[in-house]
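This briefing sets out the computed features of one protein chain for a reader who has the sequence and the model at hand. The points are grouped by topic.

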Amino acid sequence: MAADEAAAKATVIPRDDGTTRPLHGFQDADEALPQYHIEAQTSLVERPLRSLKYGEAFAVLDTHGDIGVFAGPDGIYFQDTRYLSRLAFTVEDQRPLILSSVMQDDNGALSVDMTTPDIRIDAQDETSIPRELIAIERTKFLFKGTCYDRIGLRNYDTRPRTLKVCVTFDADYRDLFEVRGTNRTRFGKRTVQVASENQVQFRYVGLDEIVRSTSVHFGPTPKRIGPGRAEFEVTMEPGEHTSMFIRVVCESHRAFTSVPTAQRAGEDAAAALSRAAGSSGGERSTKGLSEGRIFARAYRDNRRDQRQLTAGITTIISSNDQFNESLCRATADLYMLASRTQEGIYPFAGIPWYSTVFGRDGIITAMMALWIDPNFGKGVLRFLAATQAKTIDPAADAQPGKVLHETRRGEMAMLGEVPFRHYYGTIDGTPLFVMLAAEYYDVTGDLDTIKHIWPALELALDWIDTYGDRDGDGFVEYIRETENGLANQGWKDSHDSIFHTDGSMAKAPIALCEVQGYVYAAKKGAAKLAVLTGHPDRAIKLEKQAHALREAFDKAFWSDEIGTYVLALDGDKRQCAVRSSNAGHALFTGIAKPERAQQVADQLLCNDGYNGWGIRTIAKGEARYNPMSYHNGSIWPHDNAMIAMGFARYDLKAEAARVFQGMFDTSLYQDQKRLPELFCGFMRRRQRGPVNYPVACSPQAWAAATPFALLASCLGLEIVHDKNRIRLRNPMLPRFLDAVTLYNLKLGNSRVDLRVHRHGDDVTVSVERRIGDVQISLLK
């Protein structure tokens, strides 16, 4: 439909000031170019990378622990800006040889063992220092806006050795969106100075009037130091060990006033992050301390902090050592990505591209991890309630009651070069927010939190019925309000992800299949919460709306022709009759009628949908199917987990176990047994692993939560606070698990350890420990 025709047909929605706005927003051309595309000259999987994170700082390192030796996203980042773009360590101008490079089990630090290569001091001489005589051990971690680096050297030779050790370094202050590939033409001013005999300071005064500084400290004092290079002369007797330390401090403040960045942006969602403990740059006083003592103190505090964060969580030990390793890494990833805010912990989405608050990602991660640690749910709910939109702002795709999509702190966001400083362009975050609230209460019984966020829940429900349902047909649709916003606003937000059977792009406003399910589950859950908070009339209305939506959804979204629910309805209410993983979310939310469940599952698990590793986002054979695409044929672990949770809801446990098996098999081929953000959808072939996606984030929060959701699905695990009961509904285990024990499973003040053992296709459940009066039931 042409823009002028759309305008003629558009209804209006009232603004806060009494004026009106049109129903339509910005339409997209058939051949719209990708926006905010992650440019890729190099693949993130062509060389191993190591990631560290604490608060708003994260580091992407090579296996040596270096930065910037090769092209790529390597760097130390703080508040969406690269504060250090190079840090390379050499001995006699040569890189050491890697012996091992591993993340510690809890992701608290990177540990690297190296040795010197064969070194010739003079090209005319014989080998001056044979390899393997000098051992090098490197430990690197982040803590409160600072990167700490210890490099230990030991001489295993029988005679003294003197070595020239060099560290080269630089800070380019590129915005994360620049690193991703967005071009800029205007920049602030960067300076660098040698501040002392053991410190170099970089300073960038941005166009946003924020001063970003990087201080590089060395210990002991280098023999020579310059703006980008420090040289040391290290002499070691036989068997002697010595250490050198590098400390990189990232800080920001407003130009000329020394007012912290957080105070400048006091109205922003991001301000809540900066005010939280551990999120701002800098560190407590180090005056009078050696760099070695500073390192040791920070390392001790970092370890204490990590232990405190994970104290009391549910843990899992299985009969499969490889699965145990995968769970250990997943747990470590979840808590590394967790950032403290004033409202509680919040899982940042992923490294390197999405290390910030994302509404949808945080909600789904919290949902999948509720039974492991409900503190994720509490922190996400409180943070999103505190940052919920209160006014209409087309530039931010915001309307009253809408839940935050993304917040950014970089120069480009502050200047409005990208719209993500405080951006609300997501159609599903708001119903998912309400849905999480209901699930959080079911598991915890925490009515105080529900009462605290109830006004935000009411605003969210009002948004669903007004701004969300633009034309009053009962379905929630999206269309972007700004041409700079995201064209597609579901979780599949690529520019080409919503299309018709002939491949033509769907015209907005678009009603997505899965979003109607989220709305259904939100209203069902909110009805229960309304009764608990003293709003019985609201509860009755919500129940009626949910029932009506389920009936209307089945009529509008079911397609006998493709045998499943369609991807979406376009602006003319025409079906996008495409087989997609979105249909599985109709099972996840319960909006699918029971008689449809098996047929939906069969479509998802047929050869076109399931490639042997997982369920594709788009089935093979559809017009825009491409196994290498971001959303049109790739495989996302979190998507598979949500579908498996849907299978379990309809008691399709064998189908859930099949998905679980595929994801476990995938993890075996991944670096550190870590499930990535996504991987390619090529068919599984004998003696070959899954095909990686070139710019997938790893770690990614909802991928890290995936194994826990899959296990709970197969076990049929339900924690029902109001009935003081933990249920296992028709549990089963996939073939790679003979037994699994859940330790410290919580319900209220009760604690329980449960062991599930597989006997062929059947299982037995035993209670190993119980504290409190919680009831355990096994339902067949």
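Helices and strands are named here as DSSP runs, a helix (H or I) having at least four residues and a strand (E) at least two, with numbering from the N terminus. On that basis M732 falls in the loop between β30 and β31 (739–747). The model is predicted, and its single chain of 780 residues is described below from overall composition down to individual backbone features.

**Overall architecture**

- The chain contains 19 helices and 34 strands.
- Buried residues make up 61% of the 780 in the chain.
- Among contacts with a separation of 6 or more, 67% are between residues 24 or more positions apart.
- The exposed area of the chain is about 29,100 Å², and 48% of this area is supplied by carbon and sulfur atoms.

**Nonpolar cores**

- In soluble globular proteins, nonpolar side chains tend to be buried together.
- The largest nonpolar core comprises 175 residues, and W371, F433, Y565, F647 and L711 have the most contacts inside it.
- Helix α12 makes the greatest contribution to this core, with 11 residues.
- A further core of 52 residues lies apart from it, and includes Y54, I129, F141 and V165.
- Y565, one of the residues with the most contacts inside the largest core, touches C513, F553, D554, F557, W558, V578, A583, A586, A592, K593, R596 and V600, when neighbours within four places in sequence are set aside.

**The largest pocket**

- The volume of the largest pocket is about 1,200 Å³.
- Its lining consists of 35 residues, and those nearest the centre are E439, D442, R649, L717 and E718.
- Two or more lining residues come from each of α7 (359–368), α10 (429–444), α12 (513–532), α14 (582–589), α16 (637–649), α19 (706–715), β29 (717–720) and β30 (725–729).
- Of these elements, α12 gives the most to the lining, with six residues; α12 also gives the most to the largest nonpolar core.
- Sorted by class, the lining of the largest pocket holds 19 nonpolar, six polar and 10 charged residues.

**Enclosed cavities**

- There are 10 cavities of 30 Å³ or more.
- The second largest cavity holds about 80 Å³ of space.
- T564, R579, S580, S581, A583, Q603, L604, G609, I615, R616, I618 and A619 line the second largest cavity.
- That lining divides into five nonpolar, five polar and two charged residues.
- A583, one of the residues lining the second largest cavity, is also among the contacts of Y565.

**Two buried positions**

- S215 belongs to strand β15 (residues 210–219).
- The relative accessibility of S215 is 4%, so S215 counts as buried.
- Beyond its neighbours within four places in sequence, S215 is in contact with Q199, V200, Q201, R247, V248 and V249.
- S215 and L84 are separated by 131 residues in sequence, while their C-alpha atoms are 9.6 Å apart.
- M732 lies in a loop rather than in a helix or strand, between β30 and β31.
- Buried means under 20% relative accessible area; M732 counts as buried because its relative accessibility is 18%.
- Not counting residues up to four places away in sequence, M732 touches K653, A654, A657, C714, L715 and V763.
- M732 and V756 are 24 residues apart along the chain, with 8.8 Å between their C-alpha atoms.

**Backbone features in loops**

- The peptide bond joining I351 and P352 is cis, with omega about 10°.
- P352 is located in the loop between β21 (344–347) and α7.
- A cis peptide bond also runs from S698 to P699, with omega near 10°.
- P699 occupies the loop between α17 (653–668) and α18 (701–704).
- D651, a residue other than glycine, has a positive phi near 60°, and lies in the loop between α16 and α17.
- With 40% relative accessibility, D651 counts as partly exposed.
- N730 likewise has a positive phi, near 50°, in a residue other than glycine.
- The loop between β30 and β31 contains N730, and M732 is placed in the loop between β30 and β31 as well.
- N730 is partly exposed, its relative accessible area being 25%, whereas M732 counts as buried at 18% relative accessibility.

Conventions
Residues numbered from 1 in each chain as written. Predicted model: local features only at pLDDT ≥ 70, side-chain atom pairs only at ≥ 80, totals over all residues. Heavy atoms only, no water. 1 Å grid on protein atoms, 1.4 Å probe; cavity = no way out; pocket = protein on both sides within 12 Å on 5 of 7 lines; lining within 4 Å. Points joined across faces, edges and corners; volume = space filled by probe spheres on them. Nonpolar A, V, L, I, M, F, W, Y, C, P; charged D, E, K, R; others polar. Core = buried A, V, L, I, M, F, W, Y, C linked by side-chain atoms within 4.5 Å. Buried < 20%, exposed > 50% of the residue type's maximum accessible area, 1.4 Å probe, protein only. Contact = heavy atoms within 4.5 Å. Areas by Shrake-Rupley, 256 points an atom, 1.4 Å probe, with all protein chains shown as cover.
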